[in-house]
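Let's take a walk through this structure together, strand by strand. Have the sequence and the 3D view open as you read.

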Amino acid sequence: MNAPALRLTDLSKTFPLGRKMFGKSGPGVRAVHPVTLDVPQGETLGIVGESGCGKSTLARMLVGLLDPTTGTIEIEGEALDNADPALFGKRIQYVFQDPISSLNPRKTIRQIMEAPLKLLHGMNRAERAKRISEIFDTVSLREEFLDRYPHEFSGGQAQRIGIARALAAQARILILDEPVSALDVSVQAQVLNLLADLKAQLGLTYLFISHDLAVVEAVSDRIAVLYFGSVVELGRAEDVFRAPRHPYTRLLANSAPVVGRALTAPEGRETELPDPLDPPKGCAFRARCPFATEICGTAPPPLEDKGSGHLAACYHPLDAAQI
Ligand SMILES: Nc1ncnc2c1ncn2[C@@H]1O[C@H](COP(=O)(O)OP(=O)(O)OP(=O)(O)O)[C@@H](O)[C@H]1O
């Protein structure tokens with residue numbers, strides 16, 4: 001069997017707060033609790049969760065922008081070494097939410113496209129020109145765009161350029177961080193279609209981060225739900241929002257699709273995330289959960305298979321009658 005495209009083992013991140021006192025570091029914000037997860041080759045894994053649940057921190061560790069506090073990242077069976085950022089760049093690339101501001105405004109598109117070909121693959125001028133021409137053809141961009149600057153493009157064109165830049169590195173895993181949220185609805189579908197075509201054509205693996213549950217459900221094979229830095233549910237895209245096992249996922253699904261609306265909670269229950277500086281001892285969702293009992297305050301529930309490969313971290317997983 002092939003090694004998974006991506007294997008995370010106990011990957012976590014704590015941001016230290018304040019200076020070290022008497023040689024000891026102060027308290028920290030635990031942004032991502034240890035995550036253990038395989039992403040098979042060719043899969044699109046959707047990652048959802050409300051603001052502050054750790055999506056960006058997780059994604060930034062995966063592309064080498066942040067050092068993990070614990071754990072390892074393996075790509076196609078090979079451990080990534082943080083000391084060699086170029087190794088990350090060739091294997092895994094980030095496509096940003098805001099395509100225009102993620103491209104260097106002082107560089108032409110040609111310069112932007114050439115950088116990974118030169119730095120990561122040592123290509124000469126002729127090789128770079130040939131490769132850029134092939135990539136532009138793949139993403140349906142005209143070569144006359146190459147001598148223009150990022151601000152001259154619409155959001156949809158700029159996102160195609162962002163995707164083209166990620167392809168130039170020849171990475172086979174793309175982290176798509178809200179890749180269509182900043183685009184008009186009519187353009188969103190074009191970019192999503194392009195991503196689907198590229199995946200089929202090039203055998204790519206995607207991690208698709210979004211607040212838009214309908215988009216995530218449509219594009220993903222599996223979905224991971226993050227809450228307060230932990231994966232609390234993981235299952236097939238068709239099951240996670242339609243037959244959630246974790247009460248948080250049900251809350252998330254019931255709160256959609258109104259973007260930006262505060263999540264609702266049963267009367268008398270908390271609506272806020274716990275304080276990251278003073279994390280609760282047991283399940284982080286228990287103050288918001290209508291099913292919480294004593295056991296929920298003892299220790300965080302482990303992420304376990306609740307049937308047919310559908311995982312949830314909950315002592316009282318929902319059954320069909322509760323959905
Ligand atoms: N550099 C940092 N220093 C300290 N705390 C941080 C830092 N970056 C993120 N955090 C904290 O880590 C937690 C997770 O943040 P993160 O940005 O990963 O969440 P997110 O799910 O991506 O949110 P959003 O959807 O708003 O981007 C939050 O409590 C945040 O305040």
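A good place to begin is the open sheet of eight strands, whose order is E6-E7-E8-E3-E9-E10-E12-E11 and whose pairing is mixed. Its edge strands are E6 (92-95) and E11 (304-305), each of which pairs on one side only. Strands here are DSSP runs of E with at least two residues, helices are runs of H or I with at least four, and both are numbered from the N terminus. Two strands count as paired if DSSP finds at least two bridges between them.

Before going on, please keep in mind that this is a predicted model: local features need pLDDT of at least 70, side-chain atom pairs count only at pLDDT 80 or more, and totals for chains, interfaces and linings use all residues. Residue numbers start from 1 along each chain as its sequence is written.

Now follow the sheet inward. Strand E7 (residues 173-177) and strand E8 (residues 205-209) run parallel and are joined by five bridges; Ile175 has Leu207 in E8 as its bridge partner. E8 also pairs with E3 in the parallel sense, over four bridges, and here Ile47 is matched with Ile209 of E8. On to E9: E3 and E9 pair in the parallel sense over four bridges, with Val225 in E9 as the bridge partner of Val48.

How many residues of E3 are buried? Five of its five residues are, which leaves the strand mostly covered. A residue is buried if 20 or more other C-beta atoms lie within 10 Å of its own, exposed if 12 or fewer do, and partly exposed in between, with C-beta atoms placed from the backbone. Side chains in a regular strand alternate between the two faces of the sheet. In E3, both faces are covered, with Thr44, Gly46 and Val48 buried on one side and Leu45 and Ile47 buried on the other.

Further along, the pairing sense turns: E9 and E10 run antiparallel, joined by six bridges, and Ile223 has Gly235 in E10 as its bridge partner. The hairpin of E9 and E10 has two residues between the strands, and in it Phe228 takes a positive phi near 50 degrees. E10 is largely enclosed by the rest of the structure, because six of its seven residues are buried. Two bridges then join E10 to strand E12 (residues 311-312), again with the strands antiparallel; Glu233 has Ala312 in E12 as its bridge partner.

Two helices are worth a look against this sheet. H1 lies across E3, E6, E7, E8 and E9, and runs at about 155 degrees to E7. Such angles run from 0 to 180 degrees between N-to-C directions, with axes fitted as lines to C-alpha atoms, for helices over the stretch in contact. Helix H10 (residues 247-255) has Pro247, Tyr248, Thr249, Leu251 and Leu252 as its buried residues. These pack against strand E3 (44-48), helix H8 (213-219), strand E9 (222-227), strand E10 (230-236) and helix H9 (237-240). Contact between two residues means that their C-beta atoms, placed from the backbone, lie within 7 Å.

There is another sheet to visit. It is open, has four strands in the order E2-E1-E4-E5, and its pairing is antiparallel. The edge strands are E2 and E5 (78-79), each pairing on one side only. Within this sheet, strand E1 (residues 6-16) and strand E4 (residues 70-75) are joined by five bridges, and Leu8 stands opposite Ile73 in E4. H1 packs on this sheet as well, touching E1, E2 and E4, with its direction at about 60 degrees to that of E2.

Strand E2 is also where you will find Arg30. Is Arg30 buried or exposed? Arg30 counts as buried because it has 20 C-beta neighbours inside 10 Å. Leaving aside neighbours within four places in sequence, Arg30 is in contact with Thr14, Gly229, Pro276 and Pro279.

Finally, turn to the ligand. Its surroundings include Phe15, Val29, Gly54, Lys55, Ser56, Thr57 and Pro276, where a residue is near a molecule if its C-beta atom, placed from the backbone, lies within 6 Å of it. Strand E2 (28-39) and helix H1 (55-62) each supply at least two residues of this shell, and the largest share, three residues, comes from H1.
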